[in-house]
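Visitor: I'd like to learn how to read a model like this one, feature by feature. Could you walk me through it?

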Amino acid sequence: MLILIMGLVIFFCVHSVRLVAPEWRASNMLQNGAMRWLIRFGMITLLATAFIIMGYMQMRMAPVWLWFPPVWTRHLAGLLMLVALFFVGSALVPNTTMKKKVGYPMLIAVKIWAFSHLISNGNLADVIVFGSFLIWSIVSFAVYRRRDRKAGVVRDQESGVQFDLAAFTFAMVSWFVMVFYLHQAVIGVSPLV
């Protein structure tokens, strides 16, 4: 469990720099260069992700069950993941309606991903991982939206149906790849069972 907690702490610390110290982040990026900052950020994120995966896999070897979710929660999680992947696509594709309306579609995707996995899994490792991501994404989204309102940020970039269709296509393709191949190959559990 220690490796999992270490990974989560490192991951959230790195991903919360913009949340708690935006001025320090901006000055550091200016001083050292954006590319160097992104490379360091990426390397630390990879390390933290490796710790999270190792710790999670260790805890799954001897699971501590808190509850046994009914089968329908897995089906609901599958549908919610399609919505989450649409928000991921909306974050990656420029000029989408979701990016214009909500500003932070990736954080909404993380919320939906974490919630869907939390309701469909009942052991302690799942609660620690998905619960912490859910709490972090809720807090981050609220802080960023409050900052935007306070600063009077207006998102007036043009959005178009073609960009939303690209986000939807990304969601459908990645959902099918995840459900029918990747989830089983990477996590070891088929969402179809």
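Visitor: Let's start with trust. In which helix is confidence lowest, and in which is it highest?

Guide: Keep in mind that this is a predicted model, and begin with the per-residue confidence. Helix α6, residues 97–102, has the lowest confidence with a mean of 89, while helix α7, residues 105–120, has the highest at 97. Across the protein the pLDDT averages 93, and 100% of the residues score at least 70.

Visitor: Good. How many helices and strands are there in the protein?

Guide: You read that off the secondary structure assignment. The protein has nine helices and zero strands, so to speak an α-α-α-α-α-α-α-α-α run from the N terminus on. Its radius of gyration is 18 Å, close to the 16 Å the globule rule gives for 193 residues, so the protein is as compact as a globular protein of that length.

Visitor: What does the C-alpha trace span along its principal axes?

Guide: About 45 × 40 × 30 Å. Two other overall numbers are handy here. Buried residues make up 38% of the 193 residues. And if you take the contacts with a separation of 6 or more, 76% of them come from residues 24 or more positions apart.

Visitor: Now a single helix. How far apart are the end C-alpha atoms of α1?

Guide: The idea is to compare an expected length with the one in the model. Helix α1 covers residues 2–15, and at 1.5 Å a residue its 14 residues should span 20 Å; the end C-alpha atoms are 20 Å apart, so the two agree. Next, look at which residues are buried: in α1 they are L4, G7, L8, F11, F12 and V14. Seen down the axis of α1, these buried residues fall within an arc of 160°, so they line one face of the helix.

Visitor: And what covers the buried residues of α1?

Guide: The cover includes α2 (17–20), α4 (34–61) and α8 (124–151).

Visitor: Let me try α4 with the same recipe. What span should its 28 residues have?

Guide: At 1.5 Å a residue they should span 40 Å, and the end C-alpha atoms of α4 are 40 Å apart, which agrees. Its buried residues are W37, T45, A48, F51, I52, G55, Y56 and M59. They pack against α1, α2, α3 (22–32) and α8.

Visitor: On to loops. Is T96 buried or exposed?

Guide: Check the relative accessible area, with under 20% counting as buried. T96 has a value of 0%, so it is buried. You'll find T96 in the loop between α5 (72–92) and α6.

Visitor: Which backbone atoms does the T96 side chain approach?

Guide: For that, look at the distances between polar atoms. A polar atom of the T96 side chain lies 2.9 Å from the backbone oxygen of S90. The T96 side chain also reaches the backbone nitrogen of K99, at 3.3 Å. Leaving aside neighbours within four places in sequence, T96 is in contact with S90, S159, F163, D164 and A167.

Visitor: What is the phi of N95?

Guide: Near 60°, a positive value in a residue other than glycine. N95 lies in the loop between α5 and α6, and N95 is partly exposed, with a relative accessible area of 28%.

Visitor: Where does G103 lie?

Guide: In the loop between α6 and α7. At a relative accessible area of 14%, G103 is buried. Its contacts, setting aside neighbours within four places in sequence, are M98, R145 and R155.

Visitor: One last feature: sequence separation against distance in space. How many residues apart in sequence are R18 and Y144?

Guide: They are 126 residues apart in sequence, but 9.5 Å apart in space, C-alpha to C-alpha. For another pair, take G103 and Q184: 81 residues apart along the chain, with their C-alpha atoms separated by 32 Å. Going back to R18, this residue sits in helix α2 and counts as partly exposed at 38% relative accessibility. Not counting residues up to four places away in sequence, R18 touches R25, Y104, Y144 and R147.

Note on methods: Residues numbered from 1 in each chain as written. Predicted model: local features only at pLDDT ≥ 70, side-chain atom pairs only at ≥ 80, totals over all residues. Heavy atoms only, no water. pLDDT = per-residue confidence, 0-100. Helix = DSSP H or I, 4+ residues; strand = E, 2+ residues; numbered from the N terminus. Expected span 1.5 Å × (residues − 1). Buried < 20%, exposed > 50% of the residue type's maximum accessible area, 1.4 Å probe, protein only. Arc of directions from axis to C-beta. Contact = heavy atoms within 4.5 Å. Polar contact = N/O pair within 3.5 Å; in protein donor to acceptor, adjacent residues only side chain to side chain. Rg over C-alpha atoms; globule rule 2.2 N^0.38 Å.
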